[in-house]
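Grab a coffee and work through these short exercises with the structure open beside you. Each one has a task, then a solution in steps.

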Amino acid sequence: MRVTAIGCTAVLLLAMTACGGREEAGGTGTTATGECQGQQTTGITDKSLKLGGIYPLSGPASAYGAIPKGIKAYFDFVNAEQNGIGGRKVEFLVRDDGYQPPKAVEEARRLVEQEKVFALFQTLGTPSTTATWDYANQQKVPQVFVATGASTWGTDTAHPWTIGWQPNYVSEARVYAQYLKQEKPEAKVAVLFQNDDFGKDLLGGFKRALEGTQVKIVAEQSYEVTDPSVDPQMSNLAESKADVFLNVTTPKFGSQALAADAKNTSWNPVHIVNNVAASVTVLKPVGFENVQGVVSSTYYKDPNDPTWQSDPEMMRYQAKMKQYAPDADPAVPYHAFGWAVASSFHKAMEAAKCPTREGLRDSVRALGNVQVDMLLPGVTMSTGPDDGFPIESMQLMTFKGERWELFGDVIDTRKEFGPLTG
Amino acid sequence: MSDTAEVTRVDAPTRAGALRRVAAERWRWIVLAALFAAACYAPFQLVPFRVFQFTMVLVYAVALLGLNLLVGHAGQISLGHGAFFAVGAYGAAIMLDRFELPYPVTLPIAAAVAFVIGLALGLPAMRLRGLYLALVTLAMAIFLVPLLKRFEEVTGGSMGLTLPKPAPPAWTGLAEDQWLYFLALAVAVAAFLSAYSLMRSRVGRALHAIRDNEAAAETMGVRLSFYKTLAFAWSAMFAGAAGCVYTWVIGFVSPDSFAVTLSITLLAGLVVGGLGSLSGPLLGGLFVMFVPSISQDVNEAAPGVIFGLLIIAVMYVAPTGLAGLTGRAAHSIRKTLRKE
Amino acid sequence: MTGFLQQLVQGLGAGAIYASLALALVLIYQFTGIVNFAQGELAMFSTYLAWQFTAAGMPFWLALALTLAVSFAGGMLIERLVIRPVEGAPELTVVIVTVGLFIFVNAAAGWIWTFLIKDFPNPFPGGALEAGGLRVSYSTLGVLVVVGLVMGLLYLLFQHTRIGLGMRAVATNPDSARLVGIRVGWTLALGWGLAATVGAVSGVLVAPLLFLEPNMMGGVLIYAFAAATLGGFDSPVGAVVGGLIVGVAETLAGAYVGFIGSDLKVGVPLVIILGVLLLRPQGLFGRAAVERA
């Protein structure tokens with residue numbers, strides 16, 4: 001065995017001296033000439049644009065795997081009917097990470113090094129995004145509009161190539177805090193939250209926004225995504241006799257909590273459900289008669305909401321989804337989310353001064369009140385040198401009959417609470 | 001478990017003549033040396049993304065090697081090895097993050113911590129058998145996730161910890177991915193050698209005796225609980241070492257990365273790779289790494305459909321795992337060669 | 001005090017859910033001697049079938065009967081197609097095949113029916129029975145009653161029928177059973193069919209409470225394992241009692257033990273199982289296996 005070990009070491013040393021046998025990863029990229037000289041043009045030509053996204057298509061979080069279907073439908077539609085984005089046909093590659101960070105790293109490397117994408121357009125989930133953003137920033141690849149509302153993406157300064165899109169969970173928490181301050185200044189709040197980055201971020205933001213007010217949190221209960229049911233948590237919360245219930249959950253648990261609240265006739269708090277679980281598809285299984293008066297907030301148009309029935313963008317979405325993604329049900333809100341984020345990318349790419357990676361990076365960080373038709377009227381995208389959050393406005397809504405009814409003005413959390421800092 | 005004994009018999013000295021044995025041994029070392037040479041040469045030829053993939057194969061292989069000690073050699077089923085993997089990964093992460101220890105130091109400590117925890121849990125757990133042990137270890141793996149979230153000051157809670165990756169020393173002239181690959185390769189080689197010598201020692205023989213017939217082994221004076229607990233602790237140690245290298249390579253740990261799926265994937269990977277053989281863990285690592293992406297290429301809408309089918313298919317074709325299959329193939333090749 | 005009793009009721013309700021799936025696990029273990037990881041997913045799939053039937057306009061009870069029949073046939077078919085080829089292989093190989101089946105069925109359900117929540121009709125009335133400040137919803141009562149019924153039927157099947165006798169013989173020693181003229185293959189298939197049927201009952205019972213989506217049974221499975229381990233894998237009564245104990249202990253610990261809280265309550269079944277197994281490895285109601293040296 002000793003002989004083999006020595007032999008192997010020799011081979012190892014030999015191999016090491018042969019280093020440099022492969023091309024360096026960065027060396028194969030292309031750069032622009034002319035005005036944008038020296039900037040990276042990997043994955044983009046005058047006719048084409050290659051993007052890559054990483055989503056959980058398998059495993060426990062596969063529900064979110066619907067988002068890329070909406071994105072693909074949008075790009076297919078733009079490619080076929082509008083000659084792509086600025087004459088460039090978009091190719092959108094989707095890879096599965098099963099919501100596993102090591103898988104996300106692997107897929108990010110595959111997209112960047114093997115597929116040579118222009119940008120990572122969405123990685124889904126805080127863990128997967130955190131695991132990949134160091135890599136994206138080292139390689140200087142834009143990682144734009146990541147599908148997670150953690151506030152880190154906007155407050156961090158060491159990762160200029162990564163940016164979020166949806167309102168971050170802290171901003172959403174601020175909207176509810178604002179609502180309570182005005183409507184129920186002495187509210188006692190019970191909170192149910194998912195014990196992960198999403199739940200903790202929203203609850204933390206809510207607590208910070210309540211500082212200095214008379215609104216108090218009197219009970220908190222968490223659940224794990226692996227729990228079968230949140231019923232035990234709900235009965236614990238009911239004992240607190242709080243007069244407001246903040247429901248910070250993902251869809252299935254949202255339905256369970258709404259049902260538990262409806263069943264318990266001796267506890268009737270004002271029920272606030274967070275945006276993630278506010279889709280009509282979550283409320284319907286509980287029974288519309290049981291969810292009257294529930295409060296939530298939103299920023300994009302729900303395809304199940306009759307309010308938007310004759311909205312031109314919604315009609316276009318419904319028609320094009322049927323045409324370009326015939327297998328996908330347009331009523332799934334994740335599809336609409338995908339549509340909205342893809343059209344946001346369309347706008348950001350068009351606004352880029354240079355058709356380069358640097359151009360996209362700078363463009364998404366200099367959005368000035370950009371309108372996206374799938375977003376609510378009055379909700380726009382704005383970013384700046386010290387503002388890394390594209391969407392920070394939301395509007396409150398309450399459930400009446402069979403649909404959400406928007407009320408009040410669009411709340412711009414930047415104006416109400418000042419910019420968000422780490 | 002009697003069928004798996006056949007696979008290991010290839011490792012053990014056979015009844016065949018000494019001459020043929022020497023020849024077989026020599027063949028094996030030549031193959032291993034060639035494999036090792038290829039493993040050393042590969043990172044200079046492959047793109048960084050492929051190098052990363054093989055680094056992860058090595059990480060999984062080390063974990064599976066540990067699991068193999070327990071399942072393949074001692075005949076005890078664990079569905080909680082993701083937990084020991086997590087202990088190693090978090091151990092390394094906490095040492096790097098809170099105490100800012102140099103990274104080479106984290107490996108022995110992480111492995112030792114996993115060993116001690118394995119020993120502590122092994123004492124009660126090893127009184128259980130088969131199915132019950134599997135379920136208790138499964139419950140441990142599930143419990144670990146909320147536990148990691150609870151001690152937020154140390155573990156970073158549900159946000160996890162982000163860590164710097166080990167930088168290649170300047171004298172090597174290696175890129176980061178190559179350096180990480182060689183670190184993983186070094187750990188894997190050390191792990192394979194120690195597992196190999198462990199199995200050839202008195203302990204290995206005692207474990208085989210327990211697996212094949214517990215009662216007989218006990219009658220012959222093998223201290224059952226002692227060896228079983230030891231096997232559990234060792235397998236935890238290997239998993240811990242693998243977890244430590246995982247932290248170096250990924251540079252990020254979070255509780256949900258070590259959910260119960262990891263434990264089940266590890267066990268499935270081992271059985272698919274082949275129980276009780278030395279090549280099983282490596283083949284299992286390749287399966288765990290590459291088959292999910294292949295599944296996605298086949299069916300993008302629902303990769304799980306293909307992945308599930310592939311697991312079932314491998315078990316049909318090779319009930320003793322891929323190692324058994326390659327073993328059979330090698331055997332028949334040798335036989336044809338000898339005939340000529 | 002009312003608060004405590006209410007928590008107790010809550011725990012029993014959760015326990016009944018765990019018990020319903022644990023019964024299917026016990027059943028298949030009795031017939032085949034293996035732990036079926038796919039049992040929960042098969043139950044979920046059956047529930048989707050029931051949903052599909054009602055969505056097509058079928059009355060609930062007819063849809064249920066049809067679902068049970070299809071599940072029985074499906075279970076037998078799975079045994080023939082998926083399990084039979086690895087029958088002689090090591091036990092672990094069969095277990096891994098069920099893991100593969102788990103992944104396959106889960107992904108297939110998501111593929112066919114998407115991951116959106118389906119509204120599943122509740123066979124029980126919506127309200128709650130109120131007495132002395134306590135509220136017990138009719139759904140919970142209904143689940144408890146049905147679980148008790150299934151338990152009774154299984155007990156009769158195990159102890160007082162020829163099938164039960166043959167089944168125990170097959171699970172204990174297939175070779176000897178074959179020698180005395182029991183049709184082993186048929187008995188194994190029957191076991192899968194019956195377990196799938198009991199699983200379908202479980203799925204239909206819990207769907208109105210947990211809401212139907214492909215991951216509905218994933219969380220329940222672990223607790224059902226705990227219940228079956230606690231009660232003993234060879235006893236339907238044990239599975240139900242085990243389920244109720246796990247549900248109550250978990251709920252009470254989550255509510256009243258400050259350190260445990262709602263995040264660590266999943267550790268309670270772990271501690272219970274470990275404790276029970278160390279003191280009584282065969283479970284509360286199980287029969288101790290006699291070792292032959």
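**Exercise 1: A strand and its partner**

Task: In β13(A), which residue is the bridge partner of A:Ser296?

Solution. In this predicted model, look across from A:Ser296 into β13(A), and you land on its bridge partner, A:Met397. Now zoom out to the strands: β10(A) covers residues 295-298 and β13(A) covers residues 393-400 of chain A, they run antiparallel, and 4 bridges join them. Last, check the side chains of β10(A). A:Val295 and A:Ser297 point one way, while A:Ser296 and A:Thr298 point the other way. As for burial, all of them are buried.

**Exercise 2: Splitting chain A**

Task: Into which domains is chain A divided, and what kinds of residue does domain 1 of chain A turn towards domain 2 of chain A?

Solution. Start with the bounds: domain 1 is made of 37-167 + 300-391, and domain 2 is 169-298. Next, the spacing: their C-alpha centres lie 29 Å apart. Then the contact: 13 residues of domain 1 of chain A meet 13 residues of domain 2 of chain A. On the domain 1 side, those residues sort into 7 nonpolar, 4 polar and 2 charged.

Compare this with the record. An unreviewed UniProt entry places the feature "domain: Leucine-binding protein" at residues 49-400 of chain A. Over that stretch, the chain is 40% helix and 19% strand, with 44 Å between the end C-alpha atoms.

**Exercise 3: Where chain C touches chain B**

Task: Which element gives the largest share of the side of chain C that touches chain B?

Solution. First, count both sides: chain C puts in 37 residues and chain B puts in 37 residues. Next, list the elements of chain C that give two or more residues: α4 (91-113), α9 (218-231) and α11 (267-279). The largest share comes from α4(C), with 14 residues. Finally, sort the chain C side by class: 29 nonpolar, 6 polar and 2 charged residues.

**Exercise 4: How far to trust chain B**

Task: Which elements of chain B have the lowest and the highest mean pLDDT?

Solution. Take the overall score first: chain B averages a pLDDT of 85, and 92% of the residues score at least 70. Going by element, helix α1 (residues 5-9) of chain B has the lowest mean, 42, and helix α4 (residues 81-97) of chain B the highest, 94. Over residues 1-14 of chain B the pLDDT is below 50, yet the stretch has 28 contacts in the model beyond near neighbours in sequence. Where pLDDT is low, don't read the predicted coordinates in detail.

Notes:
Residues numbered from 1 in each chain as written. Chains lettered and ligands numbered in written order. Predicted model: local features only at pLDDT ≥ 70, side-chain atom pairs only at ≥ 80, totals over all residues. Domains from an automatic or database assignment. Contact = placed C-beta atoms within 7 Å. Nonpolar A, V, L, I, M, F, W, Y, C, P; charged D, E, K, R; others polar. UniProt positions renumbered as here; feature names shortened; annotations may be inferred. pLDDT = per-residue confidence, 0-100. Buried ≥ 20, exposed ≤ 12 C-beta atoms within 10 Å, placed from the backbone. Pairing = 2+ DSSP bridges.
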